[in-house]
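Hi there,

Here is the structure I promised to pass on. Have a look at it first, and then read on for my notes.

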Amino acid sequence: MKTATTTDSFARRTLLQFEDILNKFFGNELNPFYYLGALGFYFFWVVAVSGAYIYAFYETGIELSYPSVEYLTNEQWYFGGVMRSLHRYASDALVVVMVLHLLREYILGRYRGARWFAWTTGVMLMWMIFGAGINGYWMVWDKLAQYSVVATMEWFEWLPIFSQPLSQSFVTREVLNDRFFTLISFAHVTVPLMTLFVLWVHVMRISTPVVNPKRGLVLGMLLALLILSLLKPALSQGPADMAIEPVNIGIDWFYLYIYPLMDIWSAGWVWAFVIGLSLLLSILPWLPTRKKQIPVAEVNLKDCSGCRLCVADCPYEAVVMRPRSDGMNFSEEAVVVADRCVSCGICVGACPSSNAFRKEEGYVSGIEMPSLPISGLRSVMIKDMAKLEGDVRVIIFGCDSAANVENLRSKEVAVLSLPCIDM
Ligand code: HEM
Ligand code: SF4
Ligand code: SF4
């Protein structure tokens, strides 16, 4: 039995096959693809801790910033330099896991319905992280920073809201002063703090979000970052000089890709790309889809004793308890908050009303998926199992969001795919 959410798009099949390969290397427990969001949090913390160390030595000023970063990189290479490299590489890793996390949620269709909230706050996070990263490169005030500042100003100049060119009025040698550095170093603290707040908002509707990867992943990733930091330390590209246009600059492709894009396209097209992509991503949860959405869970009051087990198990805090409304001798009843429910069916599995010892007729759960009543599931299961042949007969419970178990059906094997295996 397959439910409406089961899809087998090329992207989904490829993702699942790739995750299967990763499982062979890392095992299910340490598969990084199962912890992309948690790895995002982890890299954010590595960036925050290494950043706090660098900040303690950072000096704000046109003549001071570059030498202060150079001091850390060269004089204190064994610690300050490593911290700088960790800061850079963990920021890059943050972009990688963030983009993979976005793609994975999209491919698995986990962005519609109640998940619109995590999705749209995710889009906000994406631009905040890119903004903080670009701003970080300015702090060093080397040739790359000079190139990035001038190119950014030229990009903004394209907007018809500035009366005079920013690259000539804001970042010339005469105008560029210590106030500019105070501004960028202030922004480099406040934007990440705001990002942390939005990260909290991002997962606030998930009752127990996985925000910490497994210890093996934490140690493995830290080791990889440390080895990279020692083999290829983060270096500056010579002090900025506004009188000389920088040439042959090495850029960080994770954060600074918009500048080469501006060379290939134009400032206007890059604006169109950034605004268009943001708009598209923001409205994605509401765009029409051919996939049928499963209706949200419903409470059958006469079978609900108010035991709260569904409240405890719902991952999305979509079930709340209210005072009893039907006069039955229980103090509370369960109520589904429809716009939080993702139709996973986990609450159905939690409800003791649908225990296996009840008779088939009148087999009702206190909380049900209207499209998949528990009595219907039970009769399909009994019917399919009755058809099995052979000495060893197997029933496989699958998950609509994972591999398609339908392919495993045979004379000895019955299959039942559920919206979530936890159901
Ligand atoms: C670095 C930035 C990000 C971090 C650290 C992060 C972290 C997380 C974490 C820890 C979860 C909970 C995972 C779980 O417990 O199952 C989550 C869920 C989610 N994230 Fe992100 N996220 C980030 C960016 C994004 C972006 C850019 C998007 C997409 C635009 C996105 C979309 C989602 C969605 C849709 C969920 C909900 C999944 C569900 O309800 O099952 N996130 N994120
Ligand atoms: S189906 Fe049940 S467990 Fe899943 S989100 Fe809805 S109320 Fe919560
Ligand atoms: S719906 Fe079921 S699990 Fe939820 S409170 Fe009622 S009896 Fe308990």
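What share of the contacts in the protein with a separation of 6 or more comes from residues 24 or more positions apart? The figure is 69%. Please keep in mind that this is a predicted model.

**The overall picture**

The protein has 423 residues, and 44% of them are buried. Its secondary structure consists of 14 helices and six strands. The C-alpha trace spans about 85 × 50 × 40 Å along its principal axes.

**The iron atom of ligand 1**

I think you will enjoy this site. Two histidines, His101 and His202, coordinate the iron atom of ligand 1 through their NE2 atoms, at 2.0 Å. This pair links distant parts of the chain: His101 belongs to helix 4 (residues 77-107) and His202 to helix 8 (residues 178-203), with their positions 101 residues apart. The iron atom has six donor atoms, the angles among them run from 86 to 179 degrees, and the site is octahedral.

Are the two histidines buried or exposed? His202 has a relative accessible area of 13% and is buried, because the cut-off for buried is under 20%. His101, at 24%, is partly exposed.

**Ligands 2 and 3**

Cysteines feature around both of these ligands. Around ligand 2 there are 14 residues, and those that come nearest are Cys314, Cys341, Cys344, Gly345 and Cys347. By class, this shell holds twelve nonpolar residues, two polar ones and no charged ones.

Ligand 3 has 13 residues around it, of which Cys304, Cys307, Arg308, Cys310 and Cys351 come nearest. Here the shell divides into eight nonpolar, four polar and one charged.

**Helix 3 and the loop after it**

Helix 3 (residues 65-75) has Ser65, Tyr66, Ser68, Val69, Leu72 and Thr73 buried. What do these buried residues pack against? Their partners are helix 2 (36-57), helix 4, helix 5 (116-139) and helix 8. Two of those partners carry the iron-binding histidines: His101 sits in helix 4 and His202 in helix 8. As background, an α-helix has 3.6 residues a turn, so residues three or four places apart point the same way.

Gln76 lies in the loop between helix 3 and helix 4. With a relative accessible area of 6%, Gln76 is buried. Setting aside neighbours within four places in sequence, Gln76 is in contact with Tyr53, Phe57, Tyr71 and Gly81.

**Helix 6**

Helix 6 (residues 143-157) gave me a simple check on geometry. At 1.5 Å a residue, its 15 residues should span 21 Å, and the end C-alpha atoms are indeed 21 Å apart, so the two agree. Several residues of helix 6 are buried, including Leu144, Gln146, Ser148, Val149, Met153 and Trp155.

**Two residues with a positive phi**

Neither of these is a glycine, so I have set them side by side.

- Asn248 has a positive phi of about 50 degrees. Asn248 is found in the loop between helix 9 (215-231) and helix 10 (258-264), and it counts as exposed at 78% relative accessibility.
- Ser343 has a phi near 60 degrees. Ser343 lies in the loop between strand 3 (332-336) and helix 13 (346-350), and at 7% relative accessibility it counts as buried.

If you open the model, the iron atom of ligand 1 is a good place to begin, with His101 and His202 coordinating it.

Best wishes

Key. Residues are numbered from 1 along each chain as its sequence is written. Chains are lettered from A and ligands numbered from 1 in the order in which they are written. This is a predicted model: local features need pLDDT of at least 70, side-chain atom pairs count only at pLDDT 80 or more; totals for chains, interfaces and linings use all residues. Side-chain values use heavy atoms; hydrogens and water are left out. Donors are N, O and S atoms within 2.8 Å of the metal (3.2 Å for Na, K and Ca); water is not among the atoms, so sites may look incomplete. Four donors count as tetrahedral if all angles lie between 85 and 135 degrees; four count as square planar and six as octahedral if opposite donors are over 155 degrees apart and all others between 65 and 115; anything else is irregular. Helices (H or I, at least four residues) and strands (E, at least two) are DSSP runs, numbered from the N terminus. Buried means under 20% relative accessible area, exposed over 50%, partly exposed in between (1.4 Å probe, protein chains only). A residue is near a molecule or strand if one of its heavy atoms lies within 4 Å of it. Ala, Val, Leu, Ile, Met, Phe, Trp, Tyr, Cys and Pro count as nonpolar, Asp, Glu, Lys and Arg as charged, and the others, Gly among them, as polar. Contact means heavy atoms within 4.5 Å. The expected span of a helix is 1.5 Å times one less than its number of residues.
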